[in-house]
Amino acid sequence: MLSWMQKHKKYLVVTIWVSTIAFVGAGFVGWGAYDLNSNRATSVAKVGHRNISIQELQQKYDNLYQYYNNLFDGKLTQEKANELGLQNAALQATIQENLLLNFADDIGLSVSKDDILKYIIADPTFQKDGTFDKNLYYDILRRARINPTDFEENLKLTILLDKLRTILNLPASKEDIAMMEASFFMQDKLAIQIINANQSDIKIDEKELKNLWETNKNNYMTKTIYGLETYFIESNKNDVNQTTLSDYYNENKERYKGSDDKIKSFDEVKTEVVKDYNIEKSKTDALKKYTSIKKAELATNEFVSINEDNATFSLDEIKGAKVGEVIKPFTYKDGYLIVRVKSITPPQPMSFEQARAMVLKIYKDKKKKENLITIAKESLQNFKGTDIGFISRDINGSILGLNESETRTFVSQLFETNNKKEDYVILEDKAVIYDILEQRLLVDNIDNNYKQITQQNVTMLKNNELIKDLTNKLKKYYEIKEYIKR
């Protein structure tokens, strides 16, 4: 039980207290149209006296994306993020934080430079051998492309929210803990029957399939297509003496770290050093050609039509450019690439034929679930299950007929949403019908470690509810203006 609680602690309570740095897998999000009048030009919303910048909203989105990407084992796609509504969730979370920040301001809370310094020094991320390392601090921010001033300004918000959380903290009562213990340490004796989905049972109705596409056609969009005129400058291939390369390596050795975050030796990365040195020495030539292309004194020599799926280089710079704009040279392969944006074709709804494969998958999943529910309900009427004995939340391994992942999902739904003696749980491609034969509590044998973790989770739950109630009240007190037109 202790291992289960430790492993799932972050899932038991979803708090609004989010880390300031997010090393993100999400790209920059298009937030739609803005109301760009007057002082609203740099804001997406205003809460009370605090403006919410696009950068603040993007950072919140990045945090949420990273959180859900972890839940999806690093496989979260932008399409799935849109399906989950992360953009709107990011906006609402940012608004809630700013309601609390307004409240913190009004009750006189503030953050000093010493507060910021203490947080940075105490953060293990910036420590080497248990001690704050200034060079490590700047190096981490540089690699994350975060300006130290911006980081420390954002950290002020985190500290201010942390101070507010501290003064609002509600302790867990004995009654609260007893209720949670009863939930955690319940064991159910089950009889189960497993029904597997049969794909051959799914009959495809083309009319239904097309109706499904028609209803959701705006979810199936083509990628933005960029027509680009390019000019490639290959780096110098001159021989470089050992001393020059060694000096270059010593000046830039932080670039050459292994997976263990240790700097590799010169001999290990010599080939990379030669390549990087030659590319850097070619930068002046690349900038001259960039100027000539901008002045139309030099013509581009290639044309490519690309989107996010087939691009061989990052489109971050391209996405913010306008038609006709020439992008400054950026490193590409073993040289520099200069790009002029010739055309931008925005996303368009796919035709039924283009989207059919994606729609078909959703259609089959929907039909499979409907079939499983029908069979599960019928099986409940004449249930003949196998007694599998007592199980609890911290079950190790798997139940017969289920793998470990399916077992965790089934047990989670059994204990968290079950309110019937007999019922069923729908998994990805199977249904588990169950009958609770007997229940028992093990609260008499809880050791101190269990009690401590239970108390921590009860406290977090109580304080989350407090914050939720408080923000609902503050919505009536502070005016909220959204400038995003959705």
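**Note on a surface patch and a three-stranded sheet**

1. In this predicted model, L71, F72 and L84 make up a nonpolar surface patch, and their accessible area together comes to about 210 Å². Helix α3 comprises residues 54-71, and F72 is located in the loop between α3 and α4 (78-84).

2. The exposure class of F72 deserves a brief remark. Its relative accessibility is 30%, so F72 counts as partly exposed; that class lies between buried, under 20%, and exposed, over 50%.

3. The second topic is the sheet. Three strands form an open sheet, with antiparallel pairing and the strand order β3-β2-β14. The edges are occupied by β3 (50-53) and β14 (480-482), each of which pairs on one side only. On average, neighbouring strands of this sheet are turned by 20 degrees against each other, direction ignored.

4. The pairing of β2 with β3 can be described in further detail. Strand β2 covers residues 43-47 and is joined to β3 by four bridges, the two strands running antiparallel. K46 has N51, in β3, as its bridge partner.

5. Two helices should be considered together with these strands. Helix α3 lies across β2 and β3, and runs at about 60 degrees to β3. Helix α5 (residues 86-106) lies across β2, β3 and β14, and its angle to β3 is about 150 degrees.

6. In summary, strand β2 is bridged to β3, and both strands are crossed by α3 and by α5. The edge strand β14 is among the strands across which α5 lies. The nonpolar patch includes L71, and α3 spans residues 54-71.

Methods
Residues are numbered from 1 along each chain as its sequence is written. This is a predicted model: local features need pLDDT of at least 70, side-chain atom pairs count only at pLDDT 80 or more; totals for chains, interfaces and linings use all residues. Side-chain values use heavy atoms; hydrogens and water are left out. Two strands pair if DSSP finds at least two bridges between them. Axes are lines fitted to C-alpha atoms, for helices over the stretch in contact, and angles run from 0 to 180 degrees between N-to-C directions. Contact means heavy atoms within 4.5 Å. Patches are made of residues with over 30% relative accessible area and no salt bridge: like charges are joined within 9 Å, nonpolar side chains (Val, Leu, Ile, Met, Phe, Trp, Tyr) within 5 Å. Accessible areas come from the Shrake-Rupley method with a 1.4 Å probe; for residues, only the protein chains shown count as cover. A salt bridge is a side-chain nitrogen of Lys or Arg within 4 Å of a carboxyl oxygen of Asp or Glu. Buried means under 20% relative accessible area, exposed over 50%, partly exposed in between (1.4 Å probe, protein chains only).
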